[in-house]
Each structure stands twice: as C-alpha cells, then as structure tokens.
Amino acid sequence: MTLSERDLKVIWHPYTQMQTAAPPVGIVRGEGACLYDEDNKCYVDAVSSWWVNIHGHAHPYIAAKVAEQLQKLEHVIFAGFTHQSAVELAERLLQIIPNNQRKVFYSDNGSTAVEVAIKMCLQYWYNRGGQRTKIIAFKNAYHGDTFGAMAVSARSAFTNAFEKLLFEVEFIDLPNQENIEELKARITALKNETACFIFEPLVLGSGGMLMYEAAYLDELIAHCQAENIFTIADEVFTGFGRTGKAFACDYMQRQPDIMCFSKGLTGGTMALGVTTCTQHIYDAFLSDDRLKTLFHGHSFTANPVACAAALASMDLFGDPLTAQHIQRITESHRQFVLQLQGQQRIKAVRQTGTILAMEWETGSQTSYFSNLRDTLYQYFLNAGIILRPLGNVVYILPPYCITNEQLNYIYSTILQALQTI
Ligand SMILES: *Cc1c(COP(=O)(O)O)cnc(C)c1O
C-alpha cells in the first residue's frame, strides 16, 4: 500500500472534506523549496507549507541544532523551571521586535498565541477592577481555530456551526483614506467597554491576502492608544520577513501593546507560539493577590526543542543572505505583477514583499468554495507546484531560499493556466 492509501484508513485531515477530496500526496522528504513524493516527484512548495517554512525544508543547520538540543534536554515543565533555549530565544526576540515589548509568554501555536493575547487584555481590566469585554477586529480577519481566536475571526463558513457560542466582537472595515475618520469615531464610541483591537498588520492572510496601508493602521493604533484600548498585532503570518521587512510592524511609527508570533518563528520546523507584551500590561498582573495571576499554560509551553529550532531559524534569518533572498523574491514578484497587468482573467493583483496574490475572474461567485479553486489546485499539483488558492485568490509565498528557476516555473505555469483553464 502507498502512504496515501494507508492514510485514508486512519487519518482525518484538516480543512478537508474527506468524502470528496483527492487522496493526500505522500511526502517522504524535503530539500530547499522542494517536497518529494514516493515516486521522487518534486513539488515546489509555493505556499511554504501553510506559510510556515522560511528557510527551506529539512534545513541542515536547523536539523543539527535540534538534534543537539534533543541530546541535552528534550522538555521540562515551564512553571517553576526555565532553560537555556527559552531564555536565549526571549532575549533575542525582544532585540528584534518593537522595543516597547518587554515580556515573552510562550505557548504552542498561532491560535494559542492569540488566545493568550486576548486573555492578557481582558484580565488586565479585570485585575484593575473595571471590566471591559468588547473586542474590535477587522472584517475578514483570521486569527486561528480555537474558540477565542475563532471569535475574533470573521464569521464565515468556517465558524457557522459554532456561531452562537462565539463572544461578541465589533468588526470594522480595513482602513483607507475615505473611512479612517469614521472608523476612529466608531472606536471612540466603544471606548468604555472595549478591551482591545486585534489585527493582522498589512495583510489579512486567510481572508484572501487582503492588503492595506501601514499609514492608516498607524492612525488606528494611535487612536486606540489615545482612547486606552490595547492593540494586538497578530504577526503569526506576517512575521519574520514575509512582508519585506522583519516584521509588518516595522512599517509603522506606532508600536502595538501586544504581539503574536508563530508560523515562521521556528523556520517552520516545529510548533511554537509566542505572545509578547509591554511592561505596563505585565505589571497589571503583579500582586500579592494570587487571583491576579495569568492562569494560562500548556504542557509543552516553551518546549526546548522548539525553542532551539527557533534560535537556529533566527541565526539563519540574521544572515545577510536571507535579506538578499527576500529582496530578490520581492523584485521578482514585482516583475511578474507587470506581466499580469494585461491579463483579462485577473481581476486584481496585490503584493506586499514576498507575498503575491491574484484574484481570478470566476464569472459568478467568488468564494472559498468556488469550483475554480479545485481546478486550479489540481492543475498546479499536476505541474508539480503546491499552490492552494483561497477561493479564487491564487497566492505565492515561497520559502526564501527558492531559486529563480523555481520561481519562474511557478510564474510560467500560472500564465499557462490562464490560457488553458
Ligand atoms: C495561521 C494564523 C493563525 C493561527 O495559527 P495556528 O498555528 O494555525 O494556530 C493566527 N493568526 C494568523 C494571522 C494566522 O495566519
């Protein structure tokens, strides 16, 4: 039996309608931007395996550091104990993110990083004796699949079954020149009950790679801070170079009160989540009263192996070569955008750094479930490229080590698809 056949007998896959989906492709190894199946066919990983991989697959440097850590210490309870890799990672992370961030709270993934951020804000007000329970988020936002993270995400087909159980959130439009004053007025009207505003800076990933300008986000952050509403930058997707700078927040003057990281944090090697906050938020939990403690933790909080992978990934991220790669991909995307300009079947093209998204004309509906999506997905898979359109939005966000040949192959296959589908 093939891997794929054995899989179908025992495994239930994420975001997959098991009755109609094509069998999963069995992958046996990876190298650079390539994933190899059981027949040694290469699939170019144009989506960085759900946006996590930044330095390429099975990177030997990360592998060596992980192996080293495993032989020293695989795990230790993180309440009452600490270890070298967690401390070093926190120290180094705080050096490269906005300098108002002072404390690192570890968890397991992007969703939990968001849960922790929300709990910090809600409990801040609780500890201070004045409850605030409202949260502001963007329409089309995505912050994860656990309940709190789901609640601050767009109400959609993903959340229908749970809608009644999701806490109330005030959803606002992405800011632009026209609506910025109106958005600020709305925030002001909500200020006495609102704990925080959570956002994906510059790019709403799962919402369809929707992009907006840093200047207007800056205004919203400044306004929230003036109104005593905490701001949470969810950099789970945008962090570690995706947008062209190290963090999307580097495009702004204002610094958020809380930040969330995961995905690229370990270079896509292991699951790890980080929530960072200001001294001011941290201080609101300091007390002789033990009930003011942040009661949150996971069995694998700050797992040493995951921290070691993150440290190794940060070494590679700090290498000037990585910045060159990011620059090269950004420039290459820019050239391809010009080529797409004349294409009738492309309704819109968007780019932020290494993220390139194009909206295909579908004729009718533009939803996550459009048939075009499945057709395109299979077309690219047959061509040996992993592209996983969000509905009619095809996007490329490759590992930074992708070669020019691989990039050009992706571009030319997209152009071909435009002619043939
Ligand atoms: C993927 C994602 C999450 C959730 O991360 P998981 O590790 O999948 O739980 C949260 N926020 C953003 C912006 C994401 O893209």
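**Close-up 1. Lys-263 and other polar partners of the ligand.** In this predicted model, a polar side-chain atom of Lys-263 sits 2.7 Å from an oxygen atom of the ligand. Ser-111 also brings in a polar side-chain atom, at 2.6 Å from a ligand oxygen. For Asn-109, the distance from a polar side-chain atom to an oxygen of the ligand is 3.4 Å. Taken on its own, the ligand has 380 Å² of accessible area, and the protein covers 83% of that.

**Close-up 2. The shell around the ligand.** Here's the full cast around the ligand: Trp-51, Asn-109, Gly-110, Ser-111, Tyr-142, His-143, Gly-144, Glu-200, Asp-234, Val-236, Phe-237 and Lys-263. Sort this shell by class and you get four nonpolar, five polar and three charged residues.

**Close-up 3. Helix 4 against helix 10.** Helix 4 (residues 84-96) packs with helix 10 (residues 304-318) at an angle of about 35°, and their axes are 9 Å apart. The crossing is left-handed. On the helix 4 side, the contact is made by Ser-85, Ala-86, Glu-88, Leu-89, Arg-92, Leu-93 and Ile-96. Helix 10 answers with Pro-304, Cys-307, Ala-308, Ala-310, Leu-311, Met-314 and Asp-315. By class, the contact between these two helices has ten nonpolar residues, one polar and three charged.

**Close-up 4. Phe-105 and its contacts from elsewhere in the sequence.** Phe-105 is part of strand 4, which runs over residues 103-107. Which residues does Phe-105 touch once its neighbours within four places in sequence are set aside? They are Val-116, Met-120, Gly-273, Val-274, Thr-275, Leu-294 and His-296. Look for Gly-297 in this view too: Phe-105 and Gly-297 are 192 residues apart in sequence, with 9.3 Å between their C-alpha atoms.

Notes: Residues are numbered from 1 along each chain as its sequence is written. This is a predicted model: local features need pLDDT of at least 70, side-chain atom pairs count only at pLDDT 80 or more; totals for chains, interfaces and linings use all residues. Side-chain values use heavy atoms; hydrogens and water are left out. Axes are lines fitted to C-alpha atoms, for helices over the stretch in contact, and angles run from 0 to 180 degrees between N-to-C directions. Helices (H or I, at least four residues) and strands (E, at least two) are DSSP runs, numbered from the N terminus. A crossing is left-handed if the near helix is turned anticlockwise from the far one by less than a right angle, and right-handed if clockwise. Contact means heavy atoms within 4.5 Å. Ala, Val, Leu, Ile, Met, Phe, Trp, Tyr, Cys and Pro count as nonpolar, Asp, Glu, Lys and Arg as charged, and the others, Gly among them, as polar. A residue is near a molecule or strand if one of its heavy atoms lies within 4 Å of it. A polar contact is a pair of N or O atoms within 3.5 Å; within protein, one must be able to donate a hydrogen and the other to accept it, and residues adjacent in sequence count only if both atoms are side-chain atoms. Accessible areas come from the Shrake-Rupley method with a 1.4 Å probe; for residues, only the protein chains shown count as cover.
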